[in-house]
Amino acid sequence: MFNLKRKIIGVGLTILLVLLGATQATHALASITGLTYNNAAAQSVSSSAAPWVVFPADTSTTLVAGGAFPVTGFTAPVPTVTCGSVTLNTGAANTPSGSSTITMASVAGLGEGMTAARPPRIPANDTIASINLATPSITLVTATSGGSIAGGSAITFTFPCFQKFFSINNRGSLSASSFQIGQTVNSTNGNNIILQSCSGGTWNETTGVCSSGAVNMLTTTGTTPNGFVTPTLTVTSLGTQRIRARSTQSARTTTINIVLNSSSQGYTPTTSNL
């Protein structure tokens, strides 16, 4: 009788250990499926159409894409529109007529290629050739004329606008909404490239106009490679979203990356991703 009780207790302990092991395995699986992957490594694929589930590419018909995607060839939209403006004061010293360099109280937010307006002293459509952050001061492409600019005078600077379109494609079997977009921007001195979607409409890729008027910014601006922000868009299964990269400089490049959260999207990672 005593031996029988020992056997029953032993079997009970074995069952308990098996259940505990299964629970631990479930927790381990949960931690694995919560990992995030960017497309510098393998994403889980639920369709054989492409090696990536969600990826940036030139067009919506691109089926094969690598990791980081360079966006190049920015052009001015027609008609050219202004991306924004900033008004700043000159420094304490007067700027004599015929000078290309203007001492500023601040150069915050200024960038090479921006148009400067202080009529009639600064010629129409004159642009910033370079910026000295230490002075601070700006150098214009064309020198001032018609008299000096008094210290403390306000100058309005406008941002030019250049654009390039690309696609975010989803070749998975599920709609993707919990993914992030990041970019590494090649720009200088206050210039930036921002990524925008046209919510509920389509882009006119010549004029840069969104048909619905609802333009959403998807990422942070500037030159940081850590600009990952959850976008306000969903890319449906086997679908695409057209994105505009808008720049304050021409002849620049931004490199786009996609980060996909496997657990929230239901993609099951494989051991090759660990």
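Is A251 buried or exposed? In this predicted model, A251 is exposed, because its relative accessible area is 69% and a residue counts as exposed when that value is over 50%. A251 is found in the loop between β16 and β17, and its phi is near 55°, which is a positive value in a residue other than glycine. A positive phi is also found at L238, where the angle is near 60° and the residue is again not glycine. The place of L238 is in the loop between β15 (residues 215–217) and β16, and L238 is likewise exposed, with a relative accessible area of 56%.

Three strands, β5, β8 and β7, form an open sheet in that order, with antiparallel pairing. Because β5 and β7 stand at the edges and each has a single partner strand, one side of each is left without a neighbour in the sheet. From one strand to the next, the twist averages 20°. In general, the strands of a sheet pair through backbone hydrogen bonds, and they do so in either a parallel or an antiparallel manner. Strand β5, which covers residues 101–103, pairs with β8, which covers residues 137–140, over 3 bridges, and within this pairing T103 stands opposite S137. Strand β7, spanning residues 128–132, is joined to β8 by 4 bridges, and I131 has I138 in β8 as its bridge partner. The connection from β7 to β8 is a hairpin of 4 residues.

Two cis peptide bonds can be described alongside these strands. One of them joins T135 and P136, with omega about -15°, and P136 has its place in the loop between β7 and β8. The other runs from P119 to P120, with omega near 0°, and P120 lies in the loop between β6 (residues 115–117) and β7.

As a general tendency, nonpolar side chains in soluble globular proteins are buried together. In this model, the largest nonpolar core holds 22 residues, of which V54, F166, I168, F179, I181 and L195 touch the most other members. Two or more residues are given to this core by each of β3 (69–71), β10 (162–170), β11 (179–186), β12 (193–198), β16 (240–247) and β17 (253–261). Apart from it lies another core, made of 18 residues, which include C83, M104, I131 and F159. I131 thus appears both in this second core and as the bridge partner of I138 in the sheet described above.

Terms used: Residues numbered from 1 in each chain as written. Predicted model: local features only at pLDDT ≥ 70, side-chain atom pairs only at ≥ 80, totals over all residues. Heavy atoms only, no water. Pairing = 2+ DSSP bridges. Core = buried A, V, L, I, M, F, W, Y, C linked by side-chain atoms within 4.5 Å. Buried < 20%, exposed > 50% of the residue type's maximum accessible area, 1.4 Å probe, protein only. Axes fitted to C-alpha atoms, helices over the stretch in contact; angles between N-to-C directions.
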